[in-house]
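This report describes selected local features of one protein model. Please consult the sequence and the coordinates alongside the text.

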Amino acid sequence: MTTRPSGRTLPPGEAGRELAQLPPAGAGRVLGRWAPAGVVCVLAVAAFLWCGVPARDLVVFAAYVGLAVMLPGTLLWRALTGGGPADLAAGLALGYAVEVLAYIPARAAGLPMLVPAVPAAVLVAFAYVPGLRRHWRGPAVRERMPMWCAWVVAGIVGFLVVWSTLFLYRVPVTDAYVDMPYHLALVGELRHHMPPTLPSVLGEPLSYHWFVYAEMAATSWVTGIDPVTLVYRLSTLPMAAATVVLVVLVGRRLGGRWGAGAAAAGVTYFLFGPVLVEEVVFSTRSMFTVWASPTQTFGALLFAPVVLLLTGERSPRGWVAFVVLLAALSGAKATYLPLLLAGLVLVVAVRRLAERRLRRGWLGAAGVTLGFLVFAQVVLFGRGSQGTAFAPFATMRDVWGAVSGVRTEVPLTSLVVLAGAHLFCLACVWSGAAGLGRRALEPPMLLVLGIGAAGIGAAVLLGHPAASQLYFLEGARPYLSVAAVCGVLAAARVSWARAALAAGFGACAALAVSGLEFPGGALVRVAAPYAVLALVAGVALVWRRVCAAGLAALLAGYAVPSSAVTVAGHVLPLEEDERERLIPKGALAAGRWLRDHSAPGDVVATDLHCLHPRWVACDSRHYWVSAFTERRVLVEGWAYAESTLSRAGLFVTPYLTLPYADSARLAANDAVFRAPTAENVRHLATKYGVKWLFTGMNPQLEKFALLRFRNATSSVYELDPQKLDPQTLAAQKPGPQTLGL
């Protein structure tokens with residue numbers, strides 16, 4: 001139950017709609033209310049400046065996100081939904097959605113600088129239309145996040161800032177996470193082309209979520225900030241911070257109190273499944289993919305206000321916000337759409353059985369979601385699956401492979417046992433949902449339970465060459481956490497002291513079991529520790545008749561030791577020698593020279609395909625040529641191409657080392673660098689439209705192409721189809737226009 005300031009209590013189902021009349025606040029109270037956000041902003045600014053972000057870029061980026069994205073988005077959110085404590089965070093999400101949906105036609109028309117016209121029009125309308133002016137002040141009666149909760153949010157966001165600083169912001173671009181050049185290459189593609197294709201393989205369809213890259217491209221056009229700074233530093237932090245706020249608000253709405261929201265955020269970001277056997281992880285996923293997966297981060301931000309809209313009182317105008325957010329979500333991270341559809345279908349089905357009628361609002365939301373899901377799959381992604389397939393127990397096969405080295409022909413019994421261990425790990429984090437009781441039949445709770453069940457189901461039933469089926473589980477993590485916290489509150493018949501005691505006992509039990517050696521084969525060694533802890537929980541439930549809250553505390557205690565190690569690992573910096581340099585030092589300068597001296601439509605050829613040149617097998621995740629040049633490359637890296645992932649058999653053919661699908665094109669490309677002749681150089685220029693060659697040190701190319709740039713690691717040559725006669729080139733003997741040493 002929740003109590004208003006007047007003393008009247010509200011049942012849990014109505015608590016999310018509670019609004020408290022706030023007294024006028026003086027300047028001191030206003031400053032105090034904004035102190036948590038101010039501390040986080042100061043921390044972020046200090047981190048960015050320390051890591052070399054120019055002050056000019058920081059100021060311009062903050063002004064753009066604040067005035068052109070969040071402010072118009074907040075005004076629209078208030079006008080469409082009535083506003084509330086979610087104004088700024090939900091407004092930022094809606095602002096991003098409007099920005100992306102405006103950029104796509106503007107870029108297609110060749111006028112990317114038209115994007116600011118949309119937020120400008122919104123601001124003008126809200127300034128001059130009498131009925132809209134009141135939204136500048138927000139609702140007269142509103143509820144605000146209490147100060148203690150604001151500091152909790154600030155702590156979580158501050159943790160993300162520290163982690164990002166240690167593992168990305170201060171890391172040289174040449175040493176950063178392996179997928180960062182891929183993200184950068186897609187931003188370059190979206191800056192110059194619409195519709196986009198895969199920039200590292202000329203003509204390859206882009207069947208990947210790309211709206212977040214359109215957002216970064218729009219930001220780069222308007223602000224003039226280099227895409228490297230946006231991808232490697234600035235862009236994802238506001239998205240992650242707003243997501244934390246929205247998770248708290250979803251928890252507060254369904255749990256009926258701010259403590260529920262804070263607890264849901266804590267579970268979402270800091271509680272992970274127990275790890276009882278060294279190097280064997282039954283993943284419960286984490287939200288620490290903020291910059292490693294910008295698509296997941298952007299999708300999480302857009303998805304949270306959708307859930308807020310569906311779990312609150314919906315107005316006719318609120319459907320406009322719902323549709324706009326879903327339209328952006330369909331291309332931002334379409335994996336959220338099946339999760340949402342599953343939740344909506346569960347609501348419709350259960351309420352149909354309980355009430356003997358269909359609720360048109362939920363049915364309509366399901367229909368709209370299904371429509372966008374079909375649109376995303378057929379239109380945006382061209383029916384591509386990026387390798388995702390129906391493959392029951394594929395996640396467990398990965399675990400078995402880590403234990404035994406074998407992923408094929410695994411006995412079904414072993415897979416079932418490992419699946420049970422995995423579900424036990426999930427229960428250690430989210431078992432509190434079992435205490436919901438009759439609250440589980442409420443439509444908002446059914447929605448989050450359906451989302452969570454779909455995420456778990458996808459992790460068990462789907463497979464992907466890179467285990468990307470676990471992104472479904474990550475997408476559902478905040479909503480499973482909300483359900484778990486609400487279940488504990490609904491069933492709480494245990495004191496906080498006893499809950500802490502149960503959690504402490506669970507932590508000690510997990511530490512004790514993880515140190516034991518069980519006789520038997522690999523399956524026994526892996527599964528036995530989890531079976532022992534499950535038996536302890538079962539005995540406690542039967543013998544002591546532990547309530548749902550006490551059992552949830554015990555199971556969460558099992559997860560505490562490994563969670564503490566994981567959380568601590570995110571703020572302990574890597575040693576310098578632990579990072580692998582994947583990009584030569586001069587690559588960025590060479591790529592930037594080519595970008596500045598070529599046209600967006602120019603095609604580049606390169607002989608750089610393998611991320612680790614000294615490996616026997618070629619790891620084809622090589623993307624920094626297309627990333628730094630912002631140009632389409634004939635053939636660079638193909639690991640993430642649809643033509644590669646669709647051929648990668650699960651547990652049979654590793655996609656990282658799979659040969660390129662078009663062997664004739666690759667042979668023609670590489671022949672120019674290995675044994676250049678006037679004929680094979682002319683072939684690239686005439687058949688594929690190649691104008692530039694990007695390589696290392698290759699003096700033989702100077703006979704057939706113009707050397708335009710060279711430094712210690714990279715060379716850039718220009719092709720001229722009219723001057724590919726060897727005798728003409730030999731007579732000219734042109735020197736490079738720029739030599740960077």
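Where is the place of Met697? In this predicted model, Met697 lies in the loop that runs between strand 7 (690-695) and strand 8 (706-710). With a relative accessible area of 47%, Met697 falls below the cut-off of over 50% for an exposed residue and is therefore partly exposed. Once neighbours within four places in sequence are set aside, the contacts of Met697 are Arg710, Asn711, Ala712, Thr713, Ser714 and Ser715. Glu99 is separated from Met697 by 598 residues in sequence, and their C-alpha atoms are 43 Å apart in space.

**Cysteines**

The whole structure contains 1 disulfide. Cys610 and Cys618 form this bond, with 2.0 Å between their sulfur atoms. The disulfide is left-handed because the torsion about its S-S bond is about -110 degrees. Cys610 is partly exposed, at 26% relative accessibility, and Cys618 is also partly exposed, at 22%.

Two further cysteines were examined for a possible partner. A disulfide requires sulfur atoms within 2.5 Å. For Cys41 and for Cys508, the closest cysteine sulfur is too far away for a bond, as the table shows.

| Cysteine | Closest cysteine sulfur | Sulfur-sulfur distance |
|---|---|---|
| Cys41 | Cys51 | 17 Å |
| Cys508 | Cys428 | 15 Å |

Cys508 counts as exposed, since its relative accessibility is 53%.

**Arg632**

Arg632 belongs to strand 6, which comprises residues 632-633. Its side chain makes a polar contact of 2.6 Å with the side chain of Glu189. Beyond its neighbours within four places in sequence, Arg632 is in contact with Glu189, His193, Pro195, Thr197, Pro199 and Leu202, and also with Asp602, Val603 and Val604.

**Helix 12**

Helix 12 covers residues 236-255, a run of 20 residues. How does its length compare with the expected span? At 1.5 Å a residue, the helix should span 28 Å, and its end C-alpha atoms are 28 Å apart, so the two values agree. Helix 12 is mostly covered, as 18 of its 20 residues are buried. Just after the helix comes Gly256, which takes a positive phi of about 80 degrees.

Notes
Residues numbered from 1 in each chain as written. Predicted model: local features only at pLDDT ≥ 70, side-chain atom pairs only at ≥ 80, totals over all residues. Heavy atoms only, no water. Helix = DSSP H or I, 4+ residues; strand = E, 2+ residues; numbered from the N terminus. Polar contact = N/O pair within 3.5 Å; in protein donor to acceptor, adjacent residues only side chain to side chain. Contact = heavy atoms within 4.5 Å. Buried < 20%, exposed > 50% of the residue type's maximum accessible area, 1.4 Å probe, protein only. Expected span 1.5 Å × (residues − 1).
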